[in-house]
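Visitor: I'm new to this structure. Could you pick a single part and take me through it closely?

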Amino acid sequence: MENIQQRVNELHDLLNQYSYEYYVQDNPSVPDSEYDKLLRELIDIEEAHPEYKTADSPTVRVGGEAQSSFEKVDHDTPMLSLGNAFNEEELRRFDARIREQIGQVEYMCELKIDGLAVSLKYVDGRFVQGLTRGNGTTGEDITENLRTIHAIPLKIKEPLNFEVRGEAYMPRSSFMALNEEKEKNEEQPFANPRNAAAGSLRQLDPKLAAKRKLSVFLYSVNDFTDFEATTQSGALDELDRLGFKTNHERERVADIEGVLEYIKKWTEQRENLPYDIDGIVIKVNDLEQQDEMGYTQKSPRWAIAYKFPAEEVITKLQDIELSIGRTGVVTPTAILDPVRVAGTTVSRASLHNEDLIKERDIRIGDSVVVKKAGDIIPEVVRSVIDRRPEDAVPYHMPTHCPSCGHELVRIEGEVALRCINPQCQAQLVEGLIHFVSRQAMNIDGLGTKIIQQLYHNHLIKDVADIFYLTKDDLLPLERMGAKKVDNLLNAIEMSKSNSLEHLLFGLGIRHLGAKASQVLAEKYETMDRLLEVTEEELVSIHDIGDKLAQSVVTYLENEDIKELIEKLKHKNVNMKYKGVKSSEIEGHPDFKDKTIVLTGKLQQMTRKEATAWLEMQGAKVTSSVTKSTDIVIAGEDAGSKLTKAEKFGTTVWTEDQFVAKQNEISG
Ligand SMILES: [Zn+2]
């Protein structure tokens, strides 16, 4: 046993050392494969002898079990925010106040990292708890996620007790790779590295956080008692010595002129950094002088954060592209020479409508000023008239639909131009995209690109065609493996059981939103009854106005629509409202009145989909395993619920067994 303990200690030391060399010093002494090999050895030992697994074992870097929520925890000392300065004048005023109170001081300038503020608690030199700033007094316990950041030492060189504060961030390279992957999966990309870092640290599965390649810079401690330091710069050197990662672009300067020079330098050079910064932090360097200055209610008097101005950049407007929405609205989009604005590369910006283009006299070929509204959505602010090319002409919206050639109309009282051709291709594709979207039929994996592919390959013309797709249709498509096809067909199959309101909303009836769809489905319960409803009846319902009533009746009276509904029925797409008591559900005897628990990660469907399907079969889906649980369906990485099920002798199914059962029932 002693031998095992000895080896475990050795492995801890080596793995910690390699993490430190790689992630803090940026100077690895061994190849990645060596780290992986030793980590594997430690994981194997811990699996065979769980008593050797400790909370600070380097194996926590891969991420522990998912949590259901974050606990709220008070900070030992509050995490204050800093006062802000937005220009030179405000900085000079800050300096004048300090000199008035304590005379000439030396300043410490540091980059203000654009990430998520965190506080890390060390007890006896071991990392035991990590919190978000929260409201400054109370933060959220995100320890498990923070442990996956290699730059955070699990154990430091001395057995100290204190909280160290800093900023967790996502390097630009990790951010680009993450968004590339998201785009490949047709998921919404993150707007900037800060959102990506915050999103990664505030999600409940540490294994996901581990994949996000976050880092950290530490910059202060809550209690300097055990520190030799007498200055902020000394404290940072001390953090370095203990094994923490600090930012080395910091500089000590003699006075406010030095501060301004430092700001000028980084305003120019910030784009060359491998991470985003949003300003400069200036602190009185001497800790005793800091004490003398003290605090206001909200922030220290001895420090200030200079914020970079909202960034505006100039680029060239290459073209104006038009897109046609589901309801025929034509939206102009600016196509720009790619340019970096506030942390991301921008190549498109919405121009909203014709009026806006006219009002700002924006012309193709112009140099335009671009900024981000709310720091997120790119916007064309204005054209730079002095730089306008001689041949630039005022922009006019086309008179005919760029997709189908039908004449565009401007409906009275609206700013938008519309294509009113019901056969317009662009609108049909947008309608299909709407049909599979989250609030409608919610068919996972059927994103915009696949819908476009299917449409252009003549595999789907209307929404019902989606349910007629076969393996043979899908397999020849670009970037479609067998696994992806199976998942997609499965998701389509699952969506057939959606309650009526999803189908109603998905059909894209003008003016009929998700909420009104719910109202109608609940009131009429079946599509057949809805098909017979009159305008007078509809108007009598609270929440349904004249315009909507007319639109619904006109839509459902249409012979083409009646045919479409028959076509959907033929494939057993559900036409009933399901918000009913489970006793009224017919359901399959294998599931009806059974209590079922889902656990672990499902690969072929979301939990929500599985729950919806089970409920349709009359099952009760609950979250915890008890003696009265009938079946536990266990996906990947199922944890304590599975252990409990085994203890109670509950029937356990794998996801594959569950899917097989579904296929058997759905035929
Ligand atoms: Zn059109």
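Guide: Here is a walk around the metal site, followed by a short look at the chain around it. A word on ground rules: this is a predicted model, where local features need pLDDT of at least 70 and side-chain atom pairs count only at pLDDT 80 or more, while totals for chains, interfaces and linings use all residues. Residues are numbered from 1 along each chain as its sequence is written, and side-chain values use heavy atoms, leaving out hydrogens and water.

Now, the zinc ion. It's held by the SG atoms of C401, C404, C419 and C424, at 2.2 to 2.3 Å; donors here are N, O and S atoms within 2.8 Å of the metal (3.2 Å for Na, K and Ca), and water is not among the atoms, so sites may look incomplete. Read along the sequence, those donor residues follow the spacing C-x2-C-x14-C-x4-C. The angles among the 4 donor atoms run from 100 to 114 degrees, and the site is tetrahedral, which for four donors takes all angles between 85 and 135 degrees. For four tetrahedral donors, the ideal angle is 109.5 degrees.

How covered are these cysteines? C401 is buried, at 4% relative accessible area, whereas C404 is partly exposed at 30%. Buried means under 20%, exposed over 50%, and partly exposed in between, using a 1.4 Å probe and protein chains only.

Stepping back, buried residues make up 48% of the chain's 667 residues. The C-alpha atoms fill a box of roughly 85 × 80 × 50 Å along the principal axes.

Technical notes. Four donors count as tetrahedral if all angles lie between 85 and 135 degrees; four count as square planar and six as octahedral if opposite donors are over 155 degrees apart and all others between 65 and 115; anything else is irregular.
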